[in-house]
Amino acid sequence: MVDQYWYQKSVFYEVSVQAFYDSNGDGVGDLAGLTQKLDYFASLGIDCLWLLPIYESPMRDGGYDISDYRKINPVYGSVDQFANLLQEAHNRHIRVIMDLVMNHTSDQHPWFKAAREDRQSPYHDYFVWSETDQKYLDARIIFLDTEISNWTWNEATQEYYWHRFYSHQPDLNYDNPAVIDEMFKIVEYWLEMGIDGFRVDAVPYLIERDGTSCENLPETHAILKQLRAFVDREVPGKVLICEANQWPKDVVKYLGRGDEFQVAFDFPLMPRIYMAMKKADSAPIRWAMEQLPSIPASCQWGTFLRNHDELTLEMVSEEERQFMWSEYSADRRYRLNLGIRRRLAPLLDNDRRKIELAHSLLFSLPGSPFLYYGDEIGMGDDVTLYDRNGLRTPMQWTSGNNAGFSTAGQLYSRIISQPEYAPSRVNVEAAEKEPGSLWHVIQKMIALRHDHTVFSTHNFTWIDCHEARSAVFRRESENETILAVHNLSDTVLHLEVPVTRAANYVDLFTSRQYNEDESKLLLALEPYQYLWLKALLG
Ligand code: BGC
Ligand code: MG
């Protein structure tokens, strides 16, 4: 029996095929390489892989610039190898989802090549054109560091085309039913190959209307609801995950009444985890949780600490952004657009206590967690690489040549070389061998999440301990109660945690027992310590 709500209980792992493992020695990771590493995910406890775009692409935006939606970038392998990856993953009960980049194509896509040559081309109306660049002026520019306008001049047809991202990524025109049709056929093509769903890229921007921000428009939702209905009709049990970097009141609309996306990323929470840790004050996390509207029973939030993009600071106030920038990227080279291009471990000073604490929050708060490849071993970043490439360096498997990633002389990217994060110190082989490594802690957290289904529910209650430096909350179901207790500070905290059901508690990590004392738990927490306390009832 297929559990149609599997995505509520899953731990997701975001992986770059390019960066993961090179099986044929050409310096680029590939599908066959990823397939060889499936046991790695199985032993970590991963339920679902999200593959960054693998389509044919000139690769000017990490593959988010697609030139053929039906072809796989040949450097990653063949359709047969992709089918084999799916088969082998499914054999291990690991699901695989792909990125679906609906909003735009590459300027190298044949549709755009034809469209930009001739206004009479049937593909002309696949894109968004204007004689003036003064239309849709209320739409913000997203790639602030590189783009000066959302319009770019096209000489051949003497008009501008519309793009929300790089100027080499023209937006598709979703007012044209032919575009919707094409995109749905592409969706069908990959679903029939056996994938388990899509992380849908940049969904707020499908439709433009003058006098609006051109984001989150009702017409956009109408198309996405059609998409969901289409997917459900094709093959039930697939997931659609929404990437909308927006406020909860807007994001929740992408879940609809359970008839649009099943999962939506929670963007506002992510920077507030870092803020709370830097301030040693849980208020930002509590605030983010209070903003979350309730969601349909069949839906889920997607939570994450990092991903392949800059740590985005779009969903914070100006003051909060300045705080994050000054605290987490004093070196200005780390700033990109409205964010910070750093990986998890360097952001948290490569301090094991802080890195574990952040993961404890990720895994104990409501939502399905998404890990970013390499963060489970504490990989570093390289600020000297262009754009976000410094977060997309080869996975570090061993301390050996090319970090065990490839046998090639030349790789698609440099490997991290700062001594603290170099493969000699940071690699999978060493992490797996050492029982106390970060990798093993994360493996344990994932296992606990699987064992305690209460973590996958929507139930969540903040517990006020009158201590701002703590973050304490209760996850409760009919069968169990778990208190997640966090010390966000670098000092010892003495906490009085009120408990409603008088009970003794056991920490799921250490099996240490904590006894209730007149409806309170008296706890002494080491700096950055966390506990997952399960109530021992009856
Ligand atoms: C992806 C980015 C990409 C952008 C344009 C995003 O939201 O996460 O990596 O550059 O869409 O496709
Ligand atoms: Mg290769």
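This is a short walk through a predicted model, from its barrel of strands to some of its aromatic contacts.

Let's start with the barrel. Eight strands close up in the order E1-E2-E5-E9-E10-E11-E12-E16, and their pairing is parallel. On average, neighbouring strands of this sheet are turned by 25° against each other, with direction ignored.

One pairing is worth following residue by residue. Strand E12, residues 300-304, runs parallel to strand E16, residues 368-372, and three bridges join them. If you pick out Phe304, you will find that its bridge partner in E16 is Phe370.

Now bring in the helices. Helix H14, residues 352-364, lies across both E12 and E16, and runs at about 145° to E16. Elsewhere in the barrel, helix H5 (residues 79-91) lies across strand E2 (48-51) and strand E5 (95-101), running at about 140° to E5.

Phe304 also leads us on to the aromatic rings. The count of aromatic pairs in this model comes to 49. Among them is the pair of Tyr21 and Trp397, which is edge-to-face, with 6.3 Å centre to centre and 85° between the planes. This pair links distant parts of the chain, 376 residues apart: Tyr21 belongs to the loop between helix H2 (17-20) and helix H3 (31-36), while Trp397 belongs to the loop between E16 and helix H15 (428-433). Are these two residues buried or exposed? Tyr21 has a relative accessibility of 19%, so it counts as buried, the cut-off being under 20%. Trp397 is buried too, with a relative accessible area of 5%.

Back at the barrel, Phe304 has a ring partner of its own. Phe265 and Phe304 form an edge-to-face pair, 5.6 Å centre to centre with 80° between the planes. Here the link spans 39 residues, from Phe265 in strand E11 (residues 263-265) to Phe304 in strand E12. Both Phe265 and Phe304 are buried.

Tyr21 and Trp397 are also part of a wider group. Ring pairs link them into a cluster with Tyr13, Phe20, Tyr40, Phe41, Tyr372, Tyr373 and Trp439. Of these, Tyr372 falls within the residue range of strand E16.

Finally, look for charges placed over rings. Which ring does the charged end of Lys37 sit over? It is the ring of Trp397, and the charged end lies 4.0 Å from the ring centre. A second example involves Arg342, whose charged end sits over the ring of Tyr334 at 3.9 Å from its centre.

Notes
Residues are numbered from 1 along each chain as its sequence is written. Chains are lettered from A and ligands numbered from 1 in the order in which they are written. This is a predicted model: local features need pLDDT of at least 70, side-chain atom pairs count only at pLDDT 80 or more; totals for chains, interfaces and linings use all residues. Side-chain values use heavy atoms; hydrogens and water are left out. Two strands pair if DSSP finds at least two bridges between them. Helices (H or I, at least four residues) and strands (E, at least two) are DSSP runs, numbered from the N terminus. Axes are lines fitted to C-alpha atoms, for helices over the stretch in contact, and angles run from 0 to 180 degrees between N-to-C directions. Contact means heavy atoms within 4.5 Å. Rings of Phe, Tyr and Trp (its six-membered ring) pair if their centres lie within 6.5 Å; planes under 30 degrees apart count as stacked, over 60 as edge-to-face and the rest as tilted. Buried means under 20% relative accessible area, exposed over 50%, partly exposed in between (1.4 Å probe, protein chains only). A charge sits over a ring if NZ of Lys or CZ of Arg is within 6 Å of the ring centre and within 35 degrees of the ring normal.
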